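User: Hi! Could you walk me through this structure?

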Amino acid sequence: MKIYDTLQDTLVDFVPRKEGEVSLYACGPTVYSHPHLGHARQAMTYDIMRRYLEWNGLHVHHVANVTDIDDKIINRALEEGRTEGEVAAEWKAVYDEAMDALNILRPLDRPHATEYIDEMVAMIHTLVDNGSAYANDSGVYLRVRSVEGYGALVHRTPDELAEGAGARVEVDDNKEDPLDFALWKAAKPGEPTWDSPWGPGRPGWHIECAAMSLDILGDGFDLHGGGNDLVFPHHTNERAEAIAAGREFARYWLHNGMLNTGGEKMSKSLNNFQTIQSMLDENPLNARGLRLLLLQTHYRKTLELDDDSMAQAHEGVKRLDAMARKAANGGLDMTSTARVDDAIERFREAMDHDFGTPEAMAVVFETVRRANGALDGGDEADQAHALALTAIELANVFGLQVGLDEAADDDAAGDIDAMVAARTEAKANKDFGEADRIRDELAAQGITVEDTASGPVWYRTCVR
RNA sequence: GCGUCGGUGCCCGAGCGGCCCAAGGGAACGGCCUGCAAAGCCGUACAGUCGCGGGUUCAAAUCCCGCCCGGCGCUCCA
């Protein structure tokens with residue numbers, strides 16, 4: 001398959017370092033506050049890629065770090081009179097809950113920064129020893145200009161970077177060059193610290209990911225992903241650290257586009273964010289709605305999210321559900337392995353071109369239309385069911401769960417069935433006033449009744 | 001300012017040299033179905049041609065140049 005590599009700035013053939021296995025490192029959250037929709041996009045993007053690769057029979061070693069020590073966590077702990085560990089643990093739990101609600105699979109490894117201090121110190125040691133880094137009273141810094149190809153990921157030379165930074169970077173007399181950045185920050189009063197050959201302190205942000213990704217996935221791991229706002233400085237600096245340490249870093253770089261709202265990036269600092277929790281509280285259907293929205297936009301593109309686009313996505317999700325419901329009502333056998341090859345082929349083709357989920361979703365919806373048509377036609381049930389099963393499976397590949405007939409599991413199923421039966425009888429007696437009254441009553445309870453070729457079906461209007 | 005990505009129908013959003021008189025989703029309209037609906041299917045309209053102006057090519061939404069507008073980045077950031 002082909003993927004777009006940020007470093008090479010072009011579409012390239014993706015060849016995993018080891019056949020049948022893909023190693024993926026995607027930057028995870030700093031746990032100090034509510035995760036918002038921007039985090040959801042990032043996590044969901046790599047979740048979708050992982051699911052697709054796994055569906056293709058590849059083993060995906062998906063790693064995402066958890067940054068549990070940094071300025072924001074320290075500040076929050078200070079404000080709340082708690083330890084950094086307590087703050088991090090609390091917000092990690094909130095993050096996990098949000099990810100679960102969004103049906104995002106847990107990465108296989110989730111290294112915490114504080115558990116990898118030794119590895120980071122060892123890496124810094126290597127950098128100091130080989131002259132790539134220098135220590136002083138305020139910490140240890142990477143000598144950026146000594147690193148071959150520094151800035152290649154952002155396609156800028158050190159001089160170009162320095163020029164752009166001139167107006168904004170604080171002058172720091174501790175650094176030999178304004179471009180240099182901290183690998184190790186010397187202890188400040190009141191901060192948690194770890195011992196190191198350069199005195200007590202804590203690791204810089206970038207060394208975290210460099211040390212953990214290399215330690216867990218090894219040299220030359222396959223994919224490194226993250227939001228495109230991390231290309232510089234974070235990923236650029238991680239890469240510089242690895243190169244300076246003589247390690248082979250990620251072989252391909254993936255960067256997802258931002259989630260915008262009101263024309264701007266959703267972010268904590270702009271204070272224009274919506275938390276995942278509040279989105280789900282608004283409407284549980286938003287979990288799948290958001291996933292569909294992401295699937296219908298290419299991962300590298302900016303996605304503008306507003307109430308209107310979310311409402312449109314809801315309709316798409318309902319369309320998927322309606323087809324599945326119709327098929328289930330027509331006796332669909334979920335254990336059947338019958339599929340429609342041409343759809344699967346086109347789906348693969350789309351995905352193998354840099355994870356072309358929008359086109360792949362178009363295939364899914366076309367298959368839904370074909371399934372609906374075949375289901376309505378009544379004859380050739382086998383073909384109709386194969387189409388329905390194909391559409392359901394392909395949506396599921398993306399983690400987009402298609403609601404099947406859940407009526408049987410409903411607590412109130414007995415009562416509702418009775419009302420539906422009463423309505424059917426009223427209809428048979430041509431007492432349409434009564435039939436409509438029952439339908440309205442059910443509607444008031446959030447239940448929709450539809451008459452199909454194989455009898456009436458009901459469902460809760462708003463599901464997951 | 002520098003770099004980078006983008007500007008496609010009423011809305012969202014694919015396509016990135018010929019298969020495009022431009023996918024898919026949403027919304028609209030008509031038909032079929034229905035007691036009426038809903039869902040579904042079929043069809044129609046909506047892009048007078050893909051931000052604007054040049055150019056390359058037998059051929060451009062797709063490549064090149066210039067301009068306008070917007071996003072992101074330029075050391076908190078997914």
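Analyst: Happy to. One term before we start: a contact means heavy atoms within 4.5 Å. By that rule Val-420 touches Leu-442, Val-449, Pro-456 and Trp-458, not counting residues up to four places away in sequence.

User: Before going on, what should I know about the model and the numbering?

Analyst: This is a predicted model, where local features need pLDDT of at least 70, side-chain atom pairs count only at pLDDT 80 or more, and totals for chains, interfaces and linings use all residues. Residues are numbered from 1 along each chain as its sequence is written, chains are lettered from A and ligands numbered from 1 in the order in which they are written, and side-chain values use heavy atoms, with hydrogens and water left out.

User: Thanks. Is Val-420 buried or exposed?

Analyst: Val-420 counts as buried because its relative accessibility is 6%. Buried means under 20% relative accessible area, exposed over 50%, and partly exposed in between (1.4 Å probe, protein chains only).

User: Which helix does Val-420 lie in?

Analyst: Helix α14, residues 413-428. Helices (H or I, at least four residues) and strands (E, at least two) are DSSP runs, numbered from the N terminus. Val-420 is also 8.0 Å from Arg-439, C-alpha to C-alpha, with their positions 19 residues apart in sequence.

User: Which strands pair with 6 bridges?

Analyst: Strands β14 (residues 447-452) and β15 (residues 455-460), which run antiparallel. Two strands pair if DSSP finds at least two bridges between them. A hairpin of 2 residues joins β14 to β15, and Asp-451 has Pro-456 in β15 as its bridge partner.

User: What about the open sheet of 3 strands, what is its order?

Analyst: The order is β12-β11-β13, with mixed pairing. β12 (264-265) and β13 (303-304) are at the edges with a single partner strand each, so one side of each has no neighbour in the sheet. Strand β11 (residues 259-261) runs parallel to β13, joined by 2 bridges. In that pairing, Asn-260 has Glu-304 of β13 as its bridge partner.

User: Switching to the RNA: how many residues surround strand B?

Analyst: 60 residues surround RNA strand B, and the closest are Arg-156, Trp-205, Leu-230, Lys-265 and Asp-376. Near here means that one of a residue's heavy atoms lies within 4 Å of the strand. Of the atoms of RNA strand B that come within 4 Å of the protein, sugar and phosphate account for 67%.

User: Which helix gives the most to that surface?

Analyst: Helix α12 (residues 357-377), with 9 residues. The surface near RNA strand B divides into 17 nonpolar, 21 polar and 22 charged residues. Ala, Val, Leu, Ile, Met, Phe, Trp, Tyr, Cys and Pro count as nonpolar, Asp, Glu, Lys and Arg as charged, and the others, Gly among them, as polar.

User: What lies 2.6 Å from a base nitrogen of the RNA?

Analyst: An N or O atom in the side chain of Gln-312. Gly-227 has a backbone N or O atom 2.4 Å from a sugar or linking oxygen of RNA strand B.

User: And the whole chain, how is it divided?

Analyst: Chain A has domain 1 (2-261), domain 2 (293-397) and domain 3 (407-460), with bounds from an automatic or database domain assignment. The centres of domain 1 and domain 3, taken over C-alpha atoms, are 55 Å apart. The C-alpha trace spans about 90 × 50 × 35 Å along its principal axes, and the secondary structure of chain A comes to 15 helices and 15 strands.

Key. A polar contact is a pair of N or O atoms within 3.5 Å; within protein, one must be able to donate a hydrogen and the other to accept it, and residues adjacent in sequence count only if both atoms are side-chain atoms.
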